[in-house]
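Here is a quick tour for anyone meeting this protein for the first time. Take a look at the sequence and the structure, and then we'll walk through them together.

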Amino acid sequence: MDKRFESIKEEALSKINNAKSVKALNEVRNEYFAKSGLIATLMSKIRELAPNERKDYGQAVNTLKVFLEEKLGAALREAQSNELSEKLESEKIDLTLPGRNLETAPQHPFHLVKDEICDIFIGMGYIIAEGDEVEEDLFNFTLLNMPENHPARDMQDTFYINEKLLLRTHTSPVQARVMQKNKNQPLKMISPGKVFRRDDDDNTHSHQFGQVEGLVIGEGISFSHLKATLDLFAKKMFGPKREIRLRSSYFPFTEPSVEVDVSCHVCNGKGCSTCKGTGWIEILGAGMVNPNVLTMNGYDTEKFTGFAFGVGIERVAMLRYGIDDIRRFYQNDIRFLKEFPKR
Ligand code: PHE
(Lines give C-alpha, C1' and ligand atoms only; values in the text may rest on other atoms or scores of the structure.)
Protein backbone atom coordinates (compact mmCIF):
# COMPACT_ATOMS: atom_id res chain seq x y z
CA MET A 1 0.00 0.00 0.00
CA ASP A 2 1.00 3.52 -0.72
CA LYS A 3 3.34 4.82 1.98
CA ARG A 4 1.28 8.00 2.23
CA PHE A 5 -1.57 6.10 3.81
CA GLU A 6 0.48 3.70 5.95
CA SER A 7 -0.13 5.64 9.18
CA ILE A 8 -3.83 6.14 8.36
CA LYS A 9 -4.12 2.42 7.80
CA GLU A 10 -2.33 1.51 11.04
CA GLU A 11 -4.46 3.90 13.04
CA ALA A 12 -7.68 2.60 11.46
CA LEU A 13 -6.67 -1.02 12.12
CA SER A 14 -5.99 -0.33 15.77
CA LYS A 15 -9.36 1.46 16.08
CA ILE A 16 -11.07 -1.52 14.49
CA ASN A 17 -9.28 -3.94 16.82
CA ASN A 18 -10.14 -1.93 19.89
CA ALA A 19 -13.81 -1.51 18.97
CA LYS A 20 -15.40 -4.48 20.71
CA SER A 21 -19.09 -3.81 20.03
CA VAL A 22 -21.24 -3.36 16.92
CA LYS A 23 -21.97 0.14 18.16
CA ALA A 24 -18.26 1.05 18.49
CA LEU A 25 -17.47 -0.45 15.08
CA ASN A 26 -20.26 1.58 13.49
CA GLU A 27 -18.72 4.68 14.97
CA VAL A 28 -15.37 3.75 13.38
CA ARG A 29 -17.13 3.11 10.09
CA ASN A 30 -18.75 6.55 10.23
CA GLU A 31 -15.42 8.18 10.93
CA TYR A 32 -14.00 6.72 7.70
CA PHE A 33 -16.91 6.14 5.38
CA ALA A 34 -19.52 8.79 6.19
CA LYS A 35 -20.18 11.47 3.56
CA SER A 36 -17.66 13.76 5.14
CA GLY A 37 -15.54 10.90 6.54
CA LEU A 38 -11.80 10.47 6.04
CA ILE A 39 -12.01 8.44 2.82
CA ALA A 40 -14.28 11.07 1.22
CA THR A 41 -11.94 13.81 2.37
CA LEU A 42 -8.95 11.98 0.87
CA MET A 43 -10.83 11.50 -2.38
CA SER A 44 -11.75 15.16 -2.60
CA LYS A 45 -8.10 16.08 -2.37
CA ILE A 46 -7.62 14.61 -5.87
CA ARG A 47 -8.71 17.94 -7.36
CA GLU A 48 -5.77 19.70 -5.82
CA LEU A 49 -3.25 17.39 -7.55
CA ALA A 50 -1.55 17.77 -10.89
CA PRO A 51 -3.39 15.71 -13.55
CA ASN A 52 -0.56 13.18 -13.96
CA GLU A 53 -0.60 12.39 -10.22
CA ARG A 54 -4.30 11.88 -10.01
CA LYS A 55 -4.58 8.30 -11.27
CA ASP A 56 -1.93 7.00 -8.90
CA TYR A 57 -3.40 8.87 -5.97
CA GLY A 58 -6.94 7.74 -6.74
CA GLN A 59 -5.85 4.10 -6.93
CA ALA A 60 -4.05 4.36 -3.59
CA VAL A 61 -7.09 5.83 -1.83
CA ASN A 62 -9.24 3.14 -3.38
CA THR A 63 -6.94 0.36 -2.19
CA LEU A 64 -7.07 1.83 1.30
CA LYS A 65 -10.85 2.07 1.07
CA VAL A 66 -11.31 -1.56 -0.03
CA PHE A 67 -8.88 -2.76 2.61
CA LEU A 68 -10.64 -0.91 5.42
CA GLU A 69 -14.07 -1.97 4.17
CA GLU A 70 -13.05 -5.61 4.33
CA LYS A 71 -11.54 -5.31 7.80
CA LEU A 72 -14.53 -3.37 9.10
CA GLY A 73 -16.98 -5.77 7.49
CA ALA A 74 -15.27 -8.81 9.00
CA ALA A 75 -15.03 -7.17 12.43
CA LEU A 76 -18.73 -6.18 12.28
CA ARG A 77 -19.86 -9.66 11.32
CA GLU A 78 -17.92 -11.13 14.19
CA ALA A 79 -19.23 -8.59 16.69
CA GLN A 80 -22.79 -9.10 15.49
CA SER A 81 -22.57 -12.81 15.84
CA ASN A 82 -21.02 -12.51 19.32
CA GLU A 83 -23.73 -10.14 20.45
CA LEU A 84 -26.44 -12.40 19.08
CA SER A 85 -25.12 -15.41 20.94
CA GLU A 86 -24.83 -13.39 24.13
CA LYS A 87 -28.43 -12.25 23.71
CA LEU A 88 -29.66 -15.78 23.02
CA GLU A 89 -27.77 -17.03 26.03
CA SER A 90 -29.20 -14.39 28.35
CA GLU A 91 -32.75 -14.77 27.04
CA LYS A 92 -32.72 -18.53 27.14
CA ILE A 93 -36.18 -20.03 27.73
CA ASP A 94 -36.43 -23.33 29.52
CA LEU A 95 -39.01 -25.15 27.45
CA THR A 96 -39.06 -28.01 29.93
CA LEU A 97 -40.57 -25.85 32.70
CA PRO A 98 -44.13 -26.91 33.52
CA GLY A 99 -46.82 -24.42 32.42
CA ARG A 100 -48.65 -22.17 34.86
CA ASN A 101 -51.67 -23.90 36.21
CA LEU A 102 -54.91 -21.97 35.84
CA GLU A 103 -57.24 -23.52 38.32
CA THR A 104 -60.64 -24.22 36.79
CA ALA A 105 -63.65 -24.25 39.04
CA PRO A 106 -65.43 -27.49 39.65
CA GLN A 107 -69.00 -27.64 38.47
CA HIS A 108 -71.49 -26.19 40.94
CA PRO A 109 -73.57 -29.01 42.46
CA PHE A 110 -76.75 -27.19 41.43
CA HIS A 111 -75.79 -27.31 37.73
CA LEU A 112 -74.23 -30.73 38.03
CA VAL A 113 -77.53 -32.22 39.20
CA LYS A 114 -79.70 -30.01 36.95
CA ASP A 115 -77.77 -31.24 33.91
CA GLU A 116 -78.00 -34.81 35.10
CA ILE A 117 -81.79 -34.61 35.55
CA CYS A 118 -82.14 -32.97 32.13
CA ASP A 119 -79.95 -35.62 30.49
CA ILE A 120 -82.14 -38.40 31.86
CA PHE A 121 -85.25 -36.84 30.32
CA ILE A 122 -83.53 -35.86 27.07
CA GLY A 123 -82.66 -39.57 26.85
CA MET A 124 -86.41 -40.30 27.01
CA GLY A 125 -87.12 -37.90 24.14
CA TYR A 126 -88.21 -34.80 26.07
CA ILE A 127 -87.52 -31.32 24.74
CA ILE A 128 -86.19 -28.57 27.01
CA ALA A 129 -88.12 -25.31 27.28
CA GLU A 130 -86.96 -22.41 29.40
CA GLY A 131 -88.85 -19.33 30.44
CA ASP A 132 -88.46 -16.03 32.26
CA GLU A 133 -87.96 -15.79 36.00
CA VAL A 134 -90.18 -12.72 36.05
CA GLU A 135 -93.57 -14.09 35.07
CA GLU A 136 -97.14 -12.94 34.69
CA ASP A 137 -99.60 -13.79 37.43
CA LEU A 138 -101.76 -15.20 34.63
CA PHE A 139 -99.26 -17.91 33.64
CA ASN A 140 -97.88 -18.63 37.11
CA PHE A 141 -101.32 -19.11 38.71
CA THR A 142 -104.52 -18.47 36.75
CA LEU A 143 -103.84 -20.66 33.72
CA LEU A 144 -102.69 -23.43 36.06
CA ASN A 145 -106.09 -23.58 37.68
CA MET A 146 -105.28 -21.18 40.51
CA PRO A 147 -107.54 -18.21 39.88
CA GLU A 148 -107.32 -15.10 42.06
CA ASN A 149 -108.19 -15.80 45.68
CA HIS A 150 -107.58 -19.53 45.24
CA PRO A 151 -106.33 -20.81 48.63
CA ALA A 152 -103.48 -22.76 47.00
CA ARG A 153 -101.84 -19.45 46.11
CA ASP A 154 -101.04 -19.07 49.80
CA MET A 155 -98.59 -21.97 49.67
CA GLN A 156 -96.72 -20.23 46.89
CA ASP A 157 -96.45 -16.65 48.07
CA THR A 158 -93.72 -14.85 46.18
CA PHE A 159 -92.05 -11.53 45.38
CA TYR A 160 -94.26 -9.20 43.38
CA ILE A 161 -92.93 -6.67 40.86
CA ASN A 162 -96.44 -5.21 40.61
CA GLU A 163 -100.02 -6.52 40.70
CA LYS A 164 -99.58 -8.55 37.53
CA LEU A 165 -95.86 -9.42 37.54
CA LEU A 166 -94.04 -11.67 39.99
CA LEU A 167 -91.01 -13.90 40.43
CA ARG A 168 -92.30 -17.30 39.31
CA THR A 169 -92.94 -19.82 42.08
CA HIS A 170 -92.46 -22.85 39.85
CA THR A 171 -91.45 -23.55 36.25
CA SER A 172 -95.00 -24.69 35.39
CA PRO A 173 -95.82 -21.33 33.70
CA VAL A 174 -93.36 -22.38 30.96
CA GLN A 175 -95.56 -25.42 30.41
CA ALA A 176 -98.65 -23.20 30.05
CA ARG A 177 -96.79 -21.03 27.54
CA VAL A 178 -95.59 -24.00 25.46
CA MET A 179 -99.07 -25.56 25.53
CA GLN A 180 -100.56 -22.34 24.18
CA LYS A 181 -98.10 -22.39 21.31
CA ASN A 182 -98.61 -26.08 20.52
CA LYS A 183 -102.40 -26.22 20.89
CA ASN A 184 -103.68 -29.78 20.33
CA GLN A 185 -100.24 -31.14 19.46
CA PRO A 186 -98.69 -33.95 21.49
CA LEU A 187 -96.01 -32.60 23.82
CA LYS A 188 -93.12 -34.00 25.83
CA MET A 189 -91.14 -31.32 27.60
CA ILE A 190 -89.13 -30.47 30.67
CA SER A 191 -88.54 -27.04 31.96
CA PRO A 192 -85.55 -26.44 34.24
CA GLY A 193 -84.85 -23.18 36.03
CA LYS A 194 -84.84 -20.99 39.10
CA VAL A 195 -87.98 -20.33 41.10
CA PHE A 196 -88.77 -18.12 44.10
CA ARG A 197 -90.99 -18.23 47.16
CA ARG A 198 -91.51 -16.02 50.14
CA ASP A 199 -90.05 -18.55 52.57
CA ASP A 200 -87.99 -18.14 55.71
CA ASP A 201 -84.62 -19.67 54.89
CA ASP A 202 -83.53 -22.63 56.99
CA ASN A 203 -81.62 -25.81 56.25
CA THR A 204 -84.35 -27.19 53.97
CA HIS A 205 -86.01 -23.98 52.73
CA SER A 206 -84.64 -21.26 50.51
CA HIS A 207 -86.42 -18.26 48.99
CA GLN A 208 -84.73 -19.25 45.73
CA PHE A 209 -84.32 -22.78 44.45
CA GLY A 210 -84.29 -24.80 41.25
CA GLN A 211 -86.86 -27.04 39.65
CA VAL A 212 -87.15 -29.31 36.69
CA GLU A 213 -90.78 -29.78 35.78
CA GLY A 214 -92.01 -32.20 33.15
CA LEU A 215 -95.15 -32.36 31.03
CA VAL A 216 -96.35 -35.03 28.64
CA ILE A 217 -99.56 -34.63 26.64
CA GLY A 218 -100.86 -37.07 24.10
CA GLU A 219 -103.72 -39.34 23.16
CA GLY A 220 -104.19 -42.14 25.66
CA ILE A 221 -101.59 -40.90 28.16
CA SER A 222 -102.43 -42.57 31.46
CA PHE A 223 -101.33 -42.71 35.06
CA SER A 224 -99.29 -45.86 34.36
CA HIS A 225 -97.13 -43.85 31.92
CA LEU A 226 -96.44 -41.37 34.71
CA LYS A 227 -95.56 -44.13 37.16
CA ALA A 228 -93.22 -45.89 34.74
CA THR A 229 -91.52 -42.61 33.86
CA LEU A 230 -90.90 -41.67 37.49
CA ASP A 231 -89.72 -45.19 38.32
CA LEU A 232 -87.14 -45.00 35.53
CA PHE A 233 -86.08 -41.52 36.65
CA ALA A 234 -85.58 -42.71 40.26
CA LYS A 235 -83.49 -45.66 39.11
CA LYS A 236 -81.32 -43.54 36.81
CA MET A 237 -80.83 -40.85 39.41
CA PHE A 238 -80.38 -42.88 42.59
CA GLY A 239 -79.43 -46.36 41.38
CA PRO A 240 -81.03 -49.43 39.71
CA LYS A 241 -82.31 -50.89 43.00
CA ARG A 242 -84.50 -47.89 43.85
CA GLU A 243 -88.26 -48.20 44.00
CA ILE A 244 -90.90 -45.53 44.11
CA ARG A 245 -94.01 -45.15 46.26
CA LEU A 246 -96.91 -42.85 45.45
CA ARG A 247 -98.97 -41.12 48.12
CA SER A 248 -102.08 -39.24 47.18
CA SER A 249 -101.78 -35.48 47.42
CA TYR A 250 -103.25 -32.26 46.10
CA PHE A 251 -102.13 -29.78 43.47
CA PRO A 252 -104.60 -27.46 41.72
CA PHE A 253 -103.11 -28.20 38.30
CA THR A 254 -103.21 -32.01 38.53
CA GLU A 255 -105.98 -34.49 39.31
CA PRO A 256 -105.31 -37.00 40.71
CA SER A 257 -102.13 -35.73 42.36
CA VAL A 258 -99.38 -37.65 44.13
CA GLU A 259 -96.26 -37.12 46.19
CA VAL A 260 -93.54 -39.49 45.07
CA ASP A 261 -91.12 -41.15 47.49
CA VAL A 262 -88.04 -43.11 46.50
CA SER A 263 -86.67 -45.97 48.63
CA CYS A 264 -83.68 -44.70 50.60
CA HIS A 265 -80.42 -45.09 48.69
CA VAL A 266 -78.35 -44.89 51.87
CA CYS A 267 -79.93 -47.73 53.89
CA ASN A 268 -81.72 -49.52 51.04
CA GLY A 269 -85.08 -48.93 52.71
CA LYS A 270 -84.15 -50.24 56.15
CA GLY A 271 -84.33 -46.87 57.88
CA CYS A 272 -81.51 -44.45 58.65
CA SER A 273 -80.96 -40.78 59.45
CA THR A 274 -81.21 -39.71 55.77
CA CYS A 275 -84.75 -41.13 55.47
CA LYS A 276 -85.57 -40.31 59.10
CA GLY A 277 -86.07 -43.99 59.86
CA THR A 278 -88.87 -44.48 57.32
CA GLY A 279 -86.93 -46.12 54.48
CA TRP A 280 -88.48 -43.62 52.02
CA ILE A 281 -87.54 -40.13 50.85
CA GLU A 282 -89.97 -37.72 49.24
CA ILE A 283 -88.54 -36.46 45.95
CA LEU A 284 -91.27 -34.92 43.83
CA GLY A 285 -94.87 -33.99 43.18
CA ALA A 286 -96.81 -35.21 40.18
CA GLY A 287 -100.20 -36.04 38.74
CA MET A 288 -102.48 -36.19 35.73
CA VAL A 289 -102.92 -32.75 34.19
CA ASN A 290 -106.21 -31.26 35.41
CA PRO A 291 -108.61 -31.05 32.44
CA ASN A 292 -109.21 -27.38 33.29
CA VAL A 293 -105.54 -26.67 32.63
CA LEU A 294 -105.68 -28.49 29.29
CA THR A 295 -108.79 -26.57 28.24
CA MET A 296 -107.48 -23.17 29.36
CA ASN A 297 -104.27 -23.69 27.40
CA GLY A 298 -105.85 -24.83 24.15
CA TYR A 299 -106.12 -28.61 24.34
CA ASP A 300 -109.19 -30.69 23.52
CA THR A 301 -109.84 -32.85 26.59
CA GLU A 302 -111.94 -35.30 24.58
CA LYS A 303 -108.78 -36.25 22.76
CA PHE A 304 -105.85 -35.43 25.02
CA THR A 305 -104.71 -36.38 28.47
CA GLY A 306 -101.39 -35.69 30.11
CA PHE A 307 -99.22 -36.02 33.14
CA ALA A 308 -96.92 -33.55 34.90
CA PHE A 309 -94.30 -33.70 37.59
CA GLY A 310 -91.97 -31.30 39.36
CA VAL A 311 -88.68 -32.07 41.06
CA GLY A 312 -86.54 -29.81 43.23
CA ILE A 313 -82.94 -29.63 42.03
CA GLU A 314 -81.31 -28.89 45.39
CA ARG A 315 -83.36 -31.57 47.08
CA VAL A 316 -82.06 -34.21 44.65
CA ALA A 317 -78.51 -32.84 44.97
CA MET A 318 -78.72 -32.90 48.78
CA LEU A 319 -79.80 -36.53 48.76
CA ARG A 320 -77.30 -37.50 46.14
CA TYR A 321 -74.30 -35.87 47.83
CA GLY A 322 -75.39 -35.95 51.48
CA ILE A 323 -75.55 -32.13 51.73
CA ASP A 324 -77.16 -31.13 55.03
CA ASP A 325 -78.15 -27.52 54.37
CA ILE A 326 -79.76 -25.99 51.25
CA ARG A 327 -78.13 -22.62 52.05
CA ARG A 328 -74.74 -24.08 51.11
CA PHE A 329 -75.74 -23.85 47.43
CA TYR A 330 -75.89 -20.07 47.71
CA GLN A 331 -73.04 -19.15 50.05
CA ASN A 332 -70.19 -19.48 47.55
CA ASP A 333 -67.97 -21.21 50.08
CA ILE A 334 -65.05 -22.44 47.98
CA ARG A 335 -64.29 -25.26 50.41
CA PHE A 336 -67.79 -26.64 49.83
CA LEU A 337 -67.77 -26.10 46.06
CA LYS A 338 -64.39 -27.81 45.64
CA GLU A 339 -65.88 -31.10 46.80
CA PHE A 340 -67.63 -31.60 43.47
CA PRO A 341 -66.28 -33.10 40.25
CA LYS A 342 -64.73 -30.85 37.62
CA ARG A 343 -66.37 -30.39 34.26
N1 PHE B 1 -95.45 -27.06 40.32
C2 PHE B 1 -95.43 -27.85 41.53
C3 PHE B 1 -94.67 -27.10 42.61
O4 PHE B 1 -93.89 -26.26 42.31
C5 PHE B 1 -94.80 -29.18 41.31
C6 PHE B 1 -95.65 -30.04 40.46
C7 PHE B 1 -95.53 -30.03 39.11
C8 PHE B 1 -96.59 -30.89 41.03
C9 PHE B 1 -96.31 -30.79 38.31
C10 PHE B 1 -97.38 -31.67 40.27
C11 PHE B 1 -97.24 -31.61 38.92
O12 PHE B 1 -94.92 -27.35 43.76
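Which residue in strand 9 does Gln211 stand opposite? Gln211 faces Gly312 there. Keep in mind that this is a predicted model.

## Two domains

Let's start with the overall layout. The protein splits into domain 1, covering 2-90, and domain 2, covering 109-337. Measure from one C-alpha centre to the other, and domain 1 and domain 2 come out 91 Å apart.

## Helix 1 and its packed side

Helix 1 takes in residues 6-18. With 13 residues at 1.5 Å each, helix 1 should span 18 Å, and its end C-alpha atoms are indeed 18 Å apart, so the two agree.

Which residues of helix 1 are buried? They are Ile8, Lys9, Ala12, Leu13 and Ile16. These residues cover an arc of only 130 degrees around the axis, which means they sit on the same side of helix 1. Over on the other side of helix 1, you'll find Ser7, Asn17 and Asn18 exposed. As for what the buried residues pack against, that's helix 2 (22-33), helix 3 (38-44) and helix 4 (51-90).

## A sheet of seven strands

Now for the sheet. It is an open one with 7 strands, in the order 1-4-5-9-8-7-6, and its pairing is mixed. At the edges are strand 1 (127-128) and strand 6 (244-251), each with a single partner strand, so one side of each has no neighbour in the sheet. As a bit of background, strands of a sheet pair through backbone hydrogen bonds, in either a parallel or an antiparallel way.

Try following the order from the strand 6 edge. Strand 6 pairs with strand 7 in the antiparallel sense over 7 bridges, and Ile244 stands opposite Val262 in strand 7. These two strands, 6 and 7, make a hairpin with 2 residues between them. Next, strand 7 (residues 254-263) is joined to strand 8 by 8 bridges, and the two run antiparallel. Within that part of the sheet, Ser263 has Trp280 in strand 8 as its bridge partner. Strand 8 is then linked to strand 9 (residues 305-312) by 5 bridges, again antiparallel, with Met288 opposite Phe307 in strand 9. Strand 9 also pairs with strand 5 in the antiparallel sense, over 8 bridges.

## Strand 8 and the cores

Is strand 8 largely enclosed or left open? Strand 8 covers residues 280-289, and 8 of its 10 residues are buried, so the rest of the structure largely encloses it.

In soluble globular proteins, nonpolar side chains tend to be buried together. Here, the largest nonpolar core has 45 residues, and the ones with the most contacts inside it are Ile117, Phe233, Leu284 and Phe309. Several elements each supply at least two residues of this core, among them strand 5 (208-218), helix 8 (223-238), strand 7, strand 8, strand 9 and helix 10 (313-321). Helix 5 gives the largest share, with 7 residues.

Leu284 gives you a closer view of the contacts. Setting aside residues up to four places away in sequence, Leu284 touches Leu230, Phe233, Val258, Glu259, Val260, Phe309, Gly310 and Val311. There is also a second, separate core of 23 residues, including Met189, Leu215, Val289 and Phe304.

## Two phenylalanines toward the end

Two more residues are worth finding. Phe336 lies in helix 11, and it counts as buried at 11% relative accessibility. In sequence, Phe336 and His108 are 228 residues apart, while their C-alpha atoms are 9.6 Å apart in space. Not counting residues up to four places away in sequence, Phe336 touches Pro109, Ile323, Arg328 and Phe329.

Where does Phe340 lie? Look in the segment after helix 11. Phe340 is buried too, with a relative accessible area of 8%. The C-alpha atoms of Phe340 and Ala105 are separated by 9.5 Å, although 235 residues lie along the chain from one to the other. If you leave out its neighbours within four places in sequence, Phe340 is in contact with Pro106, Gln107, Pro109, Leu112, Tyr321 and Ile323. Pro109 and Ile323 also appear among the contacts of Phe336.

Conventions:
Residues numbered from 1 in each chain as written. Predicted model: local features only at pLDDT ≥ 70, side-chain atom pairs only at ≥ 80, totals over all residues. Heavy atoms only, no water. Buried < 20%, exposed > 50% of the residue type's maximum accessible area, 1.4 Å probe, protein only. Helix = DSSP H or I, 4+ residues; strand = E, 2+ residues; numbered from the N terminus. Pairing = 2+ DSSP bridges. Domains from an automatic or database assignment. Expected span 1.5 Å × (residues − 1). Arc of directions from axis to C-beta. Contact = heavy atoms within 4.5 Å. Core = buried A, V, L, I, M, F, W, Y, C linked by side-chain atoms within 4.5 Å.
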